[in-house]
Amino acid sequence: AADLVVQEIKAAGGQAVADYNSVEDGDRIVQTAINSFGRIDILINNAGILRDKSFINMTEQEWDQVYRVHLYGTYKTTKAAWPHFVKQKSGSIINTSSTVGLYGNFGQANYSSMKAAMLGFTNVLAIEGSKYNIRVNALAPNAGTAMTATILPKELVELFKPDYVAPFVLFLCHNSCKDSGNFYQVGSCWGGRVRRQRSGGYTFPQDENLTIEAVRDKFGVIHNFEDGRAHHVANNAQNVQEYIPQILKLNPPFASKLPSPDTKVVDVLAARNYKFEPTEFTYTQRDVMLYAVGIGASRRDLNIVYELSPDFQTFPTFAFVCMFNSRSNYEQFIPTFNPMMLVHIGQSVEFFREVPTSATLSITHRVVDIIDKPKGIVLITGSRVKDKESDVPICESETTLFIAGIGGFSKAAGYKSPPSADRLRTSLISGKTPESPPDKTVIQKTSPEQAVLYRLLESYNPLHIDPEMAAKGNFKAPILHGLCTLGFSSRHLVNEMAGGDARKLKALKVSFSSPVYPGETIQTNMWIDKSNPNRVLFSAKVIERDIIVIANAFAEFSEPPKFSIAKSNL
């Protein structure tokens with residue numbers, strides 16, 4: 001059957017390759033796609049079998065056979081494709097569910113259970129995939145197939161042609177469709193979105209005397225969908241936000257025993273002690289050269305943009321790209337927040353050896369600290385990077401984020417202040433610049449398309465390209481990534497203080513004080529630190545607006561800098 005489908009696709013002018021593995025070996029199926037086409041962009045989990053029998057007569061084997069193909073098979077193929085989607089920051093997944101998963105059907109307890117489970121699977125992956133531009137939707141097709149032909153009349157199978165489903169699937173996969181986390185029922189030239197709904201329900205008094213009779217007396221209200229209060233609940237955050245305040249409002253004595261419903265509870269020690277699994281990031285010479293161009297390098301910087309240069313090297317801040325493209329789920333330890341309220345305010349790093357020009361890196365992340373502030377929280381995360389093949393450490397970094405609107409957790413009843421966090425040495429050093437004129441100044445204008453290029457390397461955050469999203473963040477236009485600004489200034493430092501040899505850079509620390517708009521001019525001012533001859537204090541500002549964008553910053557080199565007293569224009 002697979003060969004016939006391949007022949008049909010090729011006859012129509014397309015490209016296709018057959019794979020004969022079961023979905024239980026989903027990693028092999030995905031690898032076939034990677035070997036044949038070099039990448040994977042779309043995954044449609046459509047494999048299915050039927051083992052229909054009334055529940056009382058159903059064997060464990062019949063249950064397990066349906067589970068292995070429908071649910072476990074979906075997991076296996078998705079698990080194999082997911083890292084590719086994360087790395088390329090794009091992907092679309094369609095999980096084929098069924099109306100039987102929603103409504104049930106006699107004799108299909110196994111099939112219905114697996115199809116219902118796929119809806120929960122879809123919801124979670126849509127949430128986790130959103131930051132990587134991975135869209136995940138589920139579909140309940142009314143279509144005649146070899147499987148349904150065993151249970152439906154021939155005439156009905158003809159009416160439910162798959163031809164009426166395929167266009168809907170293709171649109172959901174297309175980049176112009178932005179939907180994710182949704183469930184659609186389609187077929188026979190009809191399509192509709194299906195969603196859950198709940199009744200308005202009833203809130204009982206919190207007097208610890210809830211009885212069976214009380215539930216019986218209000219059961220009509222509990223399951224009433226016709227009183228005008230029934231509504232759709234989009235996610236778990238809305239779920240909690242709706243019923244908890246209502247309970248507390250209607251039960252003041254009980255509410256008085258609890259922290260304010262607005263108080264955000266965070267277990268800082270649990271976050272610090274959590275052991276994230278190491279992640280991997282593979283890159284090539286092309287990636288490091290593209291990064292160099294993304295931070296303003298040109299043909300004058302041959303040692304970082306030309307692979308045949310006798311001194312070819314990776315500019316070390318490329319390590320940030322590796323870390324941010326393999327980040328872990330820190331969000332599990334903090335309250336739900338609006339991504340537009342997150343600001344990158346600081347970065348530090350220590351380099352132990354040269355960053356390879358191509359490698360597979362092993363990156364271990366951790367939560368360094370979560371600090372409560374009146375207007376939000378400060379989240380500090382750490383990353384340690386090793387060469388996977390040699391197991392030799394390359395660098396260690398700390399990232400500091402401020403998230404507005406979710407502070408106050410330290411005020412919660414029973415909160416215990418944790419001990420001081422274990423911080424990176426570089427993060428604790430002051431980078432305050434002197435008031436005297438700088439020892440060296442470099443000026444470079446960024447390209448109006450700088451953010452368009454840099455976002456392909458690190459973050460697909462629409463804040464850096466979409467004017468509407470930028471406006472929601474109170475910016476007049478899309479802004480440059482903070483790490484791109486850091487890359488510009490780091491290059492200025494290396495060129496002027498290390499003769500262009502980035503391998504001499506051993507540590508960096510910066511605070512981001514304001515964003516740069518693409519097309520603006522960055523001026524990096526540098527001072528040799530009188531207390532440490534290997535250290536250079538620096539700041540960066542935008543000339544057009546005369547505003548500091550990098551402050552409290554310094555760089556350490558393996559040897560004292562050598563430079564000429566002059567202003568450089570790049």
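This dialogue goes through several features of a predicted model.

Student: What should I know about the model before reading it?

Tutor: It is a predicted model in which local features need pLDDT of at least 70 and side-chain atom pairs count only at pLDDT 80 or more, while totals for chains, interfaces and linings use all residues. Residues are numbered from 1 along each chain as its sequence is written, and side-chain values use heavy atoms, with hydrogens and water left out.

Student: How many helices and strands does the protein chain have?

Tutor: Helices (H or I, at least four residues) and strands (E, at least two) are DSSP runs, numbered from the N terminus. The protein chain has 18 helices and 16 strands. Its C-alpha trace spans about 85 × 75 × 45 Å along the principal axes.

Student: What share of the 570 residues counts as buried?

Tutor: Buried means under 20% relative accessible area, exposed means over 50%, and partly exposed lies in between (1.4 Å probe, protein chains only). Here 45% of the 570 residues count as buried.

Student: Which residues of helix H13 are buried, and what do they pack against?

Tutor: An α-helix has 3.6 residues a turn, so residues three or four places apart point the same way. In helix H13 (residues 285-294), the buried residues are Val 288, Met 289, Tyr 291, Ala 292 and Gly 294. Contact means heavy atoms within 4.5 Å. The buried residues of H13 pack against strand S6 (279-283) and against several helices, including H15 (318-324) and H18 (482-497). Just after H13, Gly 296 takes a positive phi of about 95°.

Student: Which residues that are not glycine have a positive phi?

Tutor: Among them are Lys 89, with a phi of about 55°, and Asn 133, with a phi of about 60°. Lys 89 lies in the loop between helix H3 (60-88) and strand S2 (91-96), and it is buried, with a relative accessible area of 6%. Asn 133 lies in the loop between helix H5 (109-129) and strand S3 (134-141), and it counts as partly exposed at 40% relative accessibility.

Student: How do I read a salt bridge, and how many are there?

Tutor: A salt bridge is a side-chain nitrogen of Lys or Arg within 4 Å of a carboxyl oxygen of Asp or Glu. A search of the whole structure finds 23. One of them joins the side chains of Arg 425 and Glu 556 (3.3 Å, N to O). Arg 425 lies in the loop between strand S10 (393-404) and strand S11 (440-445), and Glu 556 lies in strand S15 (residues 547-557), so the pair ties together parts that are 131 residues apart in sequence. Arg 425 is partly exposed, at 43% relative accessible area, whereas Glu 556 is buried, at 11%.

Student: Which residues are linked with Arg 425 and Glu 556 in a network of salt bridges?

Tutor: The network also holds Glu 350, Asp 529 and Arg 535. Glu 350 lies in strand S7 (residues 342-351) and counts as buried at 13% relative accessibility. Leaving aside neighbours within four places in sequence, Glu 350 is in contact with residues including Ile 394, Leu 424, Arg 425 and Lys 506.

Student: Which residues form a nonpolar patch on the surface?

Tutor: Patches are made of residues with over 30% relative accessible area and no salt bridge; like charges are joined within 9 Å, and nonpolar side chains (Val, Leu, Ile, Met, Phe, Trp, Tyr) within 5 Å. Accessible areas come from the Shrake-Rupley method with a 1.4 Å probe, and for residues only the protein chains shown count as cover. Leu 210, Val 215 and Phe 219 form such a patch, with about 270 Å² of accessible area together. Leu 210 counts as exposed, at 53% relative accessibility.
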